[in-house]
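Here is a quick tour of one protein model, with a metal site and a helix pair as the main stops. Have a look at it first.

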Amino acid sequence: MWTVLRLLGFSGVHRDAQASHSAKQYHGLRNQGSTCYLNTVLQCLYMTKDFRTAVQSFKQDPQDSNQGNAGLLLQLQNLFGELNKVNATTEGITESLSINNGELFSMFLVTCLLSVLFTLSYLFLVYEQQDAVEYYQRILKQIVPQVSQVFEGKLSNNSKCPDGHIYQEKCPFITIPLAIDTGHDKIYNVKEGLEAFFQPSQLDEDNWLYCDQCDQKTETETWNEIEEFPTVLTLHLKRFDFDYMQMRHVKNHCPMEIPPTLQLKDYEYDLYAVVNHSGDRNGGHYNAAIKSFEDNQWYCFDDSSVTKYSVDALQKSRLAYLLMYRQTAPSRRNFTLQKLLKSTALRRMTSALHNRFIIAGVTAIRRMTSALHNRFIIAGVTALRRMTSALHNRFIIAGVTAIRRMTSALHNRFIIAGVVTTCLVTVMWRMFRLRFPKS
Ligand SMILES: [Zn+2]
């Protein structure tokens, strides 16, 4: 009987039904018509523990003008709530993303016009940005920093002239772009690609930078450094490239060697999500392979279907397009640092202080300290933590001192005012009595 069914093509259906049964706890997102890029990104965000918690605990504060696209965040909150129970739709998200599309659209039009004026290829670059990576960044950039900060790190772009004058430019980043420079059939090694990203390189003479101290354009060496390590490190494997000979985008389908863990300075990262892209730039399809933080199993999120996934499929992957790594711990190399990080006293103190600040409410200084505090936690460095706690303390001390000074000044002023008034009243009373003595 089964043989007949299998021959008739029923085996696939049976297997799918089985797979979706065992992957029951996760739910898919319905495709609104080529919105697989959005569904994929949303599932990656949903499956990021810290982000999910931050979204779920977000409370809109109409008094706070610094809440970014609060509508989008509330839609995410709704969506995450639904995803807990059923297959969900993304209409709310696309709607709140298009709230800002008015602005984006006019920017887009201007860019298009400029592009037409300058080069045709630039126009293609504008179109190129409408992909999963672009949406990943767009969503995260529109959300309040406190919620999206698990994905944010700080990069320092350095340049040096032959005389050793160094210039640093620091900027926040969400993804690290890795140029794929191997041929279509050679294996691209992600670990080596990432190492190359941090290697110094010499700029072409056309791109030499002006050195203020040498007062001329000089040979320039540049390199990148991570200044603040993000909790989630995202690598963008740039498979799409513009081919000037063919005047069109080409996709590099080369197989990739994807490391399950990464070691960056004192930080260890574990791979937990891979955005896959199949097909070409036009008419391609996205899905995501994600390792659950709840049961440590890998799942494939493909629009409305969620199935168990074999991690072996990531070996020599020709589809991997975006890699997400979660910071696990500072490495064993720095055991003392790790120990210090885990020293509960310090943690409890900062967290208690932090909570107190949050509970106390929202003021400019508090927001600042809390933002600083959060950013420092991401950096995960004890020294920085101590500094924040010191900052916290300093703010408290500063606050207390200020209040004390203020009250003591007030006291003094009251006393002086009182004394002066008393004196004045006495003098006036005496003068009054002298003028009009009691008869
Ligand atoms: Zn110089």
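What follows starts with the overall make-up, then turns to the metal site and the helix pair.

Keep in mind that this is a predicted model. The protein has 15 helices and 18 strands, and buried residues account for 39% of its 439 residues. If you take the contacts between residues at least 6 apart in sequence, 68% of them join residues at least 24 apart.

Now for the zinc ion. Its protein donors sit 2.1 to 2.3 Å from it, and here they are:

| Donor residue | Donor atom |
|---|---|
| C161 | SG |
| H165 | ND1 |
| C211 | SG |
| C214 | SG |

What arrangement do the four donor atoms make around the zinc ion? The angles they subtend run from 101 to 122°, so the arrangement is tetrahedral, given that all angles must lie between 85 and 135 degrees for that label. For reference, the ideal angle for four tetrahedral donors is 109.5 degrees.

Along the sequence, the donor residues follow the spacing C-x3-H-x45-C-x2-C. C161 lies in the loop between β1 (153–160) and β2 (166–173), while C211 belongs to strand β6 (residues 209–211), so this pair ties together parts 50 residues apart in sequence. Both C161 and C211 are buried.

On to the helices: α4 (residues 49–56) packs against α5 (residues 70–83) at an angle of about 110°, with the axes 9 Å apart. That angle makes α4 roughly perpendicular to α5. The crossing is left-handed. On the α4 side, F51, R52, V55 and Q56 make the contact, and on the α5 side L73, L76, Q77 and F80 do.

Technical notes: Residues are numbered from 1 along each chain as its sequence is written. This is a predicted model: local features need pLDDT of at least 70, side-chain atom pairs count only at pLDDT 80 or more; totals for chains, interfaces and linings use all residues. Side-chain values use heavy atoms; hydrogens and water are left out. Donors are N, O and S atoms within 2.8 Å of the metal (3.2 Å for Na, K and Ca); water is not among the atoms, so sites may look incomplete. Four donors count as tetrahedral if all angles lie between 85 and 135 degrees; four count as square planar and six as octahedral if opposite donors are over 155 degrees apart and all others between 65 and 115; anything else is irregular. Helices (H or I, at least four residues) and strands (E, at least two) are DSSP runs, numbered from the N terminus. Buried means under 20% relative accessible area, exposed over 50%, partly exposed in between (1.4 Å probe, protein chains only). Axes are lines fitted to C-alpha atoms, for helices over the stretch in contact, and angles run from 0 to 180 degrees between N-to-C directions. Angles under 35 degrees count as roughly parallel, over 145 as roughly antiparallel, 65 to 115 as roughly perpendicular and the rest as oblique. A crossing is left-handed if the near helix is turned anticlockwise from the far one by less than a right angle, and right-handed if clockwise. Contact means heavy atoms within 4.5 Å.
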